[in-house]
Amino acid sequence: MSDRARTPTLFDTLRQRDFRWLACGRMATYVANAMAPIVLSFAVLDLTGSVIDLGIVVGARSVANVVLLLFGGVIADRLPRTFVLQGSSVAAGMAQAFIAASVLLGFASIPVLVVVSVINGMVSAVSLPAAAALVPQTVPHAMIRQANALVRMAINAGMVVGASTGGIIVGFVGSGWGIATNAGVFLLAGLCFAGIRSAKTPPPNGDRARPLAELREGWSEFVSRTWVWVVVLQFLVINAVVAGGLQVLGPTIADQSFGRTTWGLLLAAQTAGALAGGVIAARTQPRHALRLGTAIGVFEALPLLALATTSNELVLVLAMFANGVALEQLAVAWDVSLQENIPPERLARVYSYDALGSFVAIPLGEMAAGPLALHTGLRTTLLLGAGLVVTATFLALCSSSVRNLTIRPAAPRLPAHAHSE
């Protein structure tokens, strides 16, 4: 066989034992996280039938997650990240198992569900930055882009499988057994993370006895690179607009025009586009990946424009598919840019500030979309949102720091006869 060098493929990343376990663990985690709100929602409705109670229980998890997200980055930069992921998965699994037992044995109550939801929000805040920061520790640098693309594909597939599985299980055997299954998936994720052997703890840096000092250190790292905070601001705006437009106004328009079945088809098309986008991202190596990814952020306006101007199903499907493809190009470019340029011992904290911007933006957009649509109309609100997406993208590209950041060459490339580890 020829010794000619070649670009790594998705399959090459799966030959890396530690990365294989990490990818499986992250997919299992997202399956579990997608199941959790569905099975928990039906448990609350079975218990009291109150939408207010449902909002309190589900909201408790989100609040705990946002409040503790930054400290999750501190923990992930302080402790072995594999240990953090194992511990958070087991803790989430045990919490869900307790809820399942309370439902099945008849001692569930709203206060119990709220407390356990807070626990789940806390452990999720710890695991998210740890998982993102661990990727470059599990593959050679030549494979970092392919690894991030494959992780994104696993995450998207996990969310689809989790959401559908949660609904099916609750429909057939009830919410209690649905939550029990959810607990099992969290524990499965923990077993996957336990398979990671060679990833090491980042070297210590700074005063490890002072978490607030570590948060300030992470903030300094975050703001010292203009391209980091500029892109986060861009997507703070975009995430708020898209959350309101697609998660609030989209279903409303579906009910008024093309129907709920078509809306489900549109969401499936977006997911299919994301999976295709992951394959494209893995097979390309743009030198100015962040510039390209930031510019592609304008495609987030496409579904908003389509919903505002047409009810043609084919046009809507194509818009959502293209949006899914485009979003993955930015997501992979962003992950690679952070992992190549942020010191490993501070990477999880920078990821936590990035995630905080996204998590804060989403509920803001969801809460603002309804009142704004009442005052200006559904379609006008969507067009205004599309304009905000375009404006935020244009302003981000005005930054020379964003335009000029380059990806390090993925050298040395793999020999054509490379074998698995």
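**Close-up views of a predicted, helix-rich chain**

**View 1. Gly 357 sits in helix 14.** Helices here are DSSP runs of H or I with at least four residues, strands are runs of E with at least two, and both are numbered from the N terminus. At 10% relative accessibility, Gly 357 falls in the buried class (buried is under 20% relative accessible area, exposed over 50%, partly exposed in between, with a 1.4 Å probe and protein chains only). Val 237 is 120 residues away along the chain, yet its C-alpha lies 9.4 Å from that of Gly 357. A word on the source: this is a predicted model, where local features need pLDDT of at least 70, side-chain atom pairs count only at pLDDT 80 or more, and totals for chains, interfaces and linings use all residues. Residues are numbered from 1 along each chain as its sequence is written, and side-chain values use heavy atoms, leaving out hydrogens and water.

**View 2. Arg 349 is another resident of helix 14, which covers residues 347–376.** With a relative accessible area of 0%, Arg 349 counts as buried. Pick Ile 296, 53 residues off in sequence, and the C-alpha to C-alpha gap from Arg 349 is 26 Å.

**View 3. Ile 407 belongs to the loop between helix 16 (400–404) and strand 2 (414–415).** Loop or not, Ile 407 is buried, because its relative accessibility is 16%. Beyond its neighbours within four places in sequence, Ile 407 touches Pro 286, Arg 287 and Ala 289, plus Val 336, Ser 337 and Glu 340 (contact means heavy atoms within 4.5 Å). Take Pro 286 from that set: 121 residues separate it from Ile 407 in sequence, but the two C-alpha atoms are 7.6 Å apart.

**View 4. Helix 4 runs through residues 81–105 and hands over to Gly 106.** From first to last C-alpha, the 25 residues of helix 4 reach 36 Å, close to the 36 Å expected (1.5 Å times one less than the number of residues). Right after the helix, Gly 106 takes a positive phi of about 85°.

**View 5. Helix 6 takes in residues 144–173, with Gly 174 just after it.** Its 30 residues span 42 Å between the end C-alpha atoms, close to an expected 44 Å. Gly 174 has a positive phi too, about 100°.

**View 6. Stepping back, the chain has 16 helices and two strands.** For 421 residues, a compact globule would have a radius of gyration near 22 Å, and the chain agrees at 21 Å (taken over C-alpha atoms, with the rule 2.2 Å times the number of residues to the power 0.38). Along the principal axes, the C-alpha atoms fill a box of roughly 65 × 50 × 50 Å. Buried residues make up 49% of the chain. Among contacts with a separation of 6 or more, 88% link residues 24 or more positions apart.
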